[in-house]
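Dear colleague,

I am handing over the structure we spoke about, and below it I have written out what was found in it. Please keep it open beside you as you read.

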Amino acid sequence: MTYARHDHIDDLDTLPRMPAWVTSSRAETPEDVAFLSGAALSHLHLVLAHSEIPKALFRDRLALHAAEACVAFSGRPERAGELRDALHLLRPGDLPGPAGETYLSWRRAAARPVSVKALARALPTFEAGQLAMWLDAGQGAPVTRAAMALEAVLRDAPRAEVPALVLADAALAQALGWDHLVPLLAVGLKRADLRKQGVDLRLACHRALISSVVEAVRQASDLARRVAHLKAVAPKLRAKGAEDAVEMFLTRDAVAPSALPLPDRGARRLCDRLVDLGAVRELTGRDTFRLYGV
């Protein structure tokens, strides 16, 4: 294994902490709301600059939460567990269903650097030219651009809530100079917010980002600690293919044993070993068809 053997967990104390006034302040005016959302995004920008943050895993976990929010918007009952099952337990030739398609769109959108080509892969029901037009619909500050992209999509395609939210996050990422889309807005917005326009929609986006960024920073810190522990125990794993398996856990929200580069029995033993070491968790609570993640 190539992972360092000493424990990096103490190094994570160097991660910047969200200022208490961002989480405790009650914004009363549009100016206050915009200021706090800007402060929150600036803090997230600093957090994402740290090498300790497992960025691919972080985005994949946020994609799950964004999909969960979008599925709830549509009135469907699936939640995180069902969404994971919809993708990771598919058999060859099976279709993931509407909820699974939503999750797949978010995962694809967050996995690759932001571009029209990547967005077209994530949202195949729309032409690349249409996506490019919506992505560039906004001008001005980052949150304004995101809100304008969201409004542009829903004006032209009122039922395209998932593409609208994906493109809004993509516009936000581009405006902030981030290489990858970070799923944020879907989790913070309410269903009624998607019917707003103009100033009201921009204000809703600012409010949504305050809450979603605070939670995203908490998750980033938690994942960094969990990943540091996984890397610390990785040298104890002797199974052939264990190093490649660990790399999968470092980048994916959930992994089925059958997806690991080991024989079935060896994969299950490796997952059990990682659970015993406290490096990964079993995510389903089932005796069979289990999924594991950091």
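Contact, as the word is used here, means heavy atoms within 4.5 Å, and a residue counts as buried when its relative accessible area is under 20%. Please also bear in mind throughout that this is a predicted model.

With those two terms in hand, we can begin with helix α4, which covers residues 80-88. Its buried residues are Ala 80, Leu 83, Arg 84, Ala 86, Leu 87 and His 88, and these buried residues pack against α3 and against α5, which covers residues 97-111.

The partner α3 covers residues 55-73, and 14 of its 19 residues are buried, so that the helix is mostly covered. At 1.5 Å a residue, a helix of 19 residues should span 27 Å, and the end C-alpha atoms of α3 are indeed 27 Å apart, which agrees. After α3 comes Gly 75, whose phi is positive, near 85 degrees.

How do α3 and α4 lie with respect to each other, roughly parallel or roughly perpendicular? Their axes come within 10 Å and cross at roughly 110 degrees, and because angles from 65 to 115 degrees count as roughly perpendicular, α3 and α4 are therefore described in that way. On the α3 side, Arg 61, Leu 64, Ala 67, Glu 68 and Val 71 take part, and they meet Ala 80, Leu 83 and Arg 84 of α4. Sorted by class, this contact of α3 with α4 has 5 nonpolar and 3 charged residues, with no polar ones.

One residue of α4, His 88, can be followed further. Leaving aside its neighbours within four places in sequence, His 88 is in contact with Tyr 103, Arg 107, Ala 254, Ala 256 and Leu 291. Leu 194, by contrast, is 106 residues from His 88 along the chain, and the C-alpha atoms of the two are separated by 30 Å.

A second pair of helices is α7, residues 128-135, and α8, residues 142-156, whose axes come within 8 Å and cross at roughly 135 degrees. The two are therefore oblique to each other. In this pair, Gln 130, Met 133 and Trp 134 of α7 meet Ala 149, Ala 152, Val 153 and Asp 156 of α8, and by class the contact has 5 nonpolar residues, 1 polar and 1 charged.

Another residue to look up is Ala 34, which lies in helix α2, residues 30-48. With a relative accessible area of 29%, Ala 34 is partly exposed. Although Ala 34 and Val 143 are 109 residues apart along the chain, their C-alpha atoms are separated by 8.6 Å.

In the loop between β1 (281-282) and β2 (292-293) you will find Phe 289, which has a positive phi of about 50 degrees although it is not a glycine. At 59% relative accessibility, Phe 289 counts as exposed.

Finally, how many disulfides does a search of the whole structure find? The search finds 0. Cys 205, for example, is in no disulfide, and the nearest cysteine sulfur, that of Cys 70, is 13 Å away. Cys 205 is buried, with a relative accessible area of 0%, and Cys 271 also counts as buried, at 0% relative accessibility.

With best wishes

Key
Residues numbered from 1 in each chain as written. Predicted model: local features only at pLDDT ≥ 70, side-chain atom pairs only at ≥ 80, totals over all residues. Heavy atoms only, no water. Disulfide = S-S within 2.5 Å. Buried < 20%, exposed > 50% of the residue type's maximum accessible area, 1.4 Å probe, protein only. Helix = DSSP H or I, 4+ residues; strand = E, 2+ residues; numbered from the N terminus. Expected span 1.5 Å × (residues − 1). Axes fitted to C-alpha atoms, helices over the stretch in contact; angles between N-to-C directions. Parallel < 35°, antiparallel > 145°, perpendicular 65-115°, else oblique. Nonpolar A, V, L, I, M, F, W, Y, C, P; charged D, E, K, R; others polar.
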